[in-house]
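Student: I would like a close look at one helix of this chain and at what surrounds that helix. Please take it slowly and give the cut-offs.

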Amino acid sequence: MENHPKYKLYKQLHPEWSEDQIRTAVGIDMSAENEISRAGSNIDPNDPDLIRRIIEGARAWLSEVLPQVFERVKSFFDQLLNTLTSWVQKGLQYVVDLIGTILGR
């Protein structure tokens, strides 16, 4: 994964982040790209259903591809999904910012 362009990008943007934080961000980023590709160009980035699918997609990807990382960040995804309505208006950038805050403990 260290050779993945998204991994390199997040590593450069956030050198203080742990491997779990970077891999979580990569998962969310990749899931967002997949959902946007599926939905087409006429999407609402603040659509709660779209954001839920992105979060659930990233969660599933981490669970399947990086299960050890997923076990350590599972509660982060649970918290995101449980509080979706309270933060959805802030958008996906807010989620990326939370990676630094919540997973940075």
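Tutor: What follows is a walk along helix α3 and then into the core of the chain.

This is a predicted model, in which local features need pLDDT of at least 70 and side-chain atom pairs count only at pLDDT 80 or more, while totals for chains, interfaces and linings use all residues. Residues are numbered from 1 along each chain as its sequence is written, and side-chain values use heavy atoms, with hydrogens and water left out.

The chain has six helices and zero strands; helices (H or I, at least four residues) and strands (E, at least two) are DSSP runs, numbered from the N terminus. Helix α3 covers residues 48-65. At 1.5 Å a residue, its 18 residues should span 26 Å, and the end C-alpha atoms are 25 Å apart, which agrees. The expected span is 1.5 Å times one less than the number of residues.

At the N-terminal end, Asp 47 caps α3, with a side-chain oxygen 3.0 Å from the backbone nitrogen of Asp 49.

Further along, the buried residues of α3 are Leu 50, Ile 51, Ile 54, Ile 55, Ala 58 and Leu 62. Buried means under 20% relative accessible area, with a 1.4 Å probe and protein chains only. These residues cover an arc of only 135° around the axis, which puts them on the same side of α3. The arc is that of the directions from the helix axis to the C-beta atoms.

Ile 55 leads from the helix to the core. Setting aside neighbours within four places in sequence, Ile 55 is in contact (heavy atoms within 4.5 Å) with Phe 77, Leu 80, Leu 81, Trp 87 and Val 95. The largest nonpolar core has 29 residues, and Ile 28, Ile 55, Phe 76, Phe 77 and Leu 80 touch the most other members. Such a core is a set of buried Ala, Val, Leu, Ile, Met, Phe, Trp, Tyr and Cys residues joined through side-chain atoms within 4.5 Å. Helices α1 (5-13), α2 (19-39), α3, α4 (67-82), α5 (84-87) and α6 (92-102) each supply at least two residues of this core. Its largest share, seven residues, comes from α4.

Leu 62 of α3 also meets a residue of another helix. Thr 24, found in α2, touches Leu 62, and also Val 73, Phe 76, Phe 77, Ile 99 and Leu 103, not counting residues up to four places away in sequence. Thr 24 is itself buried, at a relative accessible area of 0%.

How values were computed:
Buried means under 20% relative accessible area, exposed over 50%, partly exposed in between (1.4 Å probe, protein chains only). A polar contact is a pair of N or O atoms within 3.5 Å; within protein, one must be able to donate a hydrogen and the other to accept it, and residues adjacent in sequence count only if both atoms are side-chain atoms.
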